[in-house]
Amino acid sequence: MAATKKPKRWSRRVMQTSNALDLEGGVFSQNDPRAIARSLKRSAERSRRRKADPFRSAMSMLNFYINRAGKKLPKAQRARLEASKDELRALYHRPRRAAR
């Protein structure tokens, strides 16, 4: 019987070893968009591994997660994550994005 090859999880490796952020566990599975944004802000401001400013690092990691989840991400969770972008902008006193 041939051994099955495990698929490579490059996105997991990126989340764990990239120079973006040191994330708290389960941050993206929280139900409150504001809690997700606060956690990302905390992680971005504490991290010594980030290359950009805290806001850009936090937003980048949030976008990375949303993009990698793709179509497998339930609509309710996607809506929470998209709402957490606005919360993150508010925490950093950045203007909201125009509606598309």
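In the predicted model, Leu40 touches Leu21, Leu23, Val27, Phe28, Ala58, Leu62 and Leu88, when residues up to four places away in sequence are left out of the count. Leu40 also belongs to the largest nonpolar core, which holds 19 residues, and it is listed there with Phe28, Leu62, Leu81 and Leu88 as the residues that touch the most other members. Helices α2, α3 (54-69) and α4 each supply at least two residues of this core, and the largest share, seven residues, comes from α3. In soluble globular proteins, nonpolar side chains tend to be buried together.

The chain that surrounds this core has four helices and zero strands, and its elements run α-α-α-α from the N terminus on. Of its 100 residues, 32% count as buried. Among the contacts between residues at least 6 apart in sequence, 60% join residues at least 24 apart.

The packing of α3 with α4 can be described in terms of their axes, which come within 11 Å and cross at roughly 170°. Because an angle over 145 degrees counts as roughly antiparallel, α3 is roughly antiparallel to α4. On the α3 side, the residues that meet α4 are Phe55, Ala58, Met59, Leu62, Asn63, Tyr65 and Ile66. Their counterparts in α4 are Gln77, Arg78, Leu81, Glu82, Ser84, Lys85, Leu88 and Arg89. Leu62, Leu81 and Leu88 thus appear in this set of contacts, and these three leucines are also among the core residues that touch the most other members.

Helix α2 (residues 33-46) contains Ser43, which counts as buried at 4% relative accessibility. The residues touched by Ser43, not counting those up to four places away in sequence, are Leu21, Asp22, Leu23 and Glu24. Two of these, Leu21 and Leu23, are also touched by Leu40.

Glu87, by contrast, has its place in helix α4 and is partly exposed, with a relative accessible area of 25%. With residues up to four places away in sequence again left out, Glu87 touches Pro33, Arg34 and Ala37. The contact with Arg34 includes a polar one between the two side chains, at 2.9 Å. Glu87 and Arg38 are 49 residues apart in sequence, and their C-alpha atoms are 8.3 Å apart in space.

Charged side chains form a further group of contacts, and the structure holds seven salt bridges. One of them is formed by the side chains of Arg89 and Asp86, with an N to O distance of 3.2 Å. Both residues lie in helix α4 (residues 75-91), where they are three residues apart, or about one turn of the helix. Arg89 is buried, with a relative accessible area of 10%, whereas Asp86 counts as partly exposed at 25% relative accessibility. Asp86 also forms a salt bridge with Arg96, in which the closest N and O atoms are 2.9 Å apart. Because Arg96 lies in the segment after α4 and Asp86 in helix α4, this pair ties together parts that are ten residues apart in sequence. Arg96 itself is exposed, with a relative accessible area of 63%.

Salt bridges that share partners also join Asp53, Arg56 and Arg94 into one network. Within this network, the side chains of Arg56 and Asp53 meet in a salt bridge with an N to O distance of 4.0 Å. Arg56 is exposed, with a relative accessible area of 54%, while Asp53 is partly exposed, with a relative accessible area of 29%.

Note on methods:
Residues are numbered from 1 along each chain as its sequence is written. This is a predicted model: local features need pLDDT of at least 70, side-chain atom pairs count only at pLDDT 80 or more; totals for chains, interfaces and linings use all residues. Side-chain values use heavy atoms; hydrogens and water are left out. Buried means under 20% relative accessible area, exposed over 50%, partly exposed in between (1.4 Å probe, protein chains only). Contact means heavy atoms within 4.5 Å. A polar contact is a pair of N or O atoms within 3.5 Å; within protein, one must be able to donate a hydrogen and the other to accept it, and residues adjacent in sequence count only if both atoms are side-chain atoms. A nonpolar core is a set of buried Ala, Val, Leu, Ile, Met, Phe, Trp, Tyr and Cys residues joined through side-chain atoms within 4.5 Å. Axes are lines fitted to C-alpha atoms, for helices over the stretch in contact, and angles run from 0 to 180 degrees between N-to-C directions. Angles under 35 degrees count as roughly parallel, over 145 as roughly antiparallel, 65 to 115 as roughly perpendicular and the rest as oblique.
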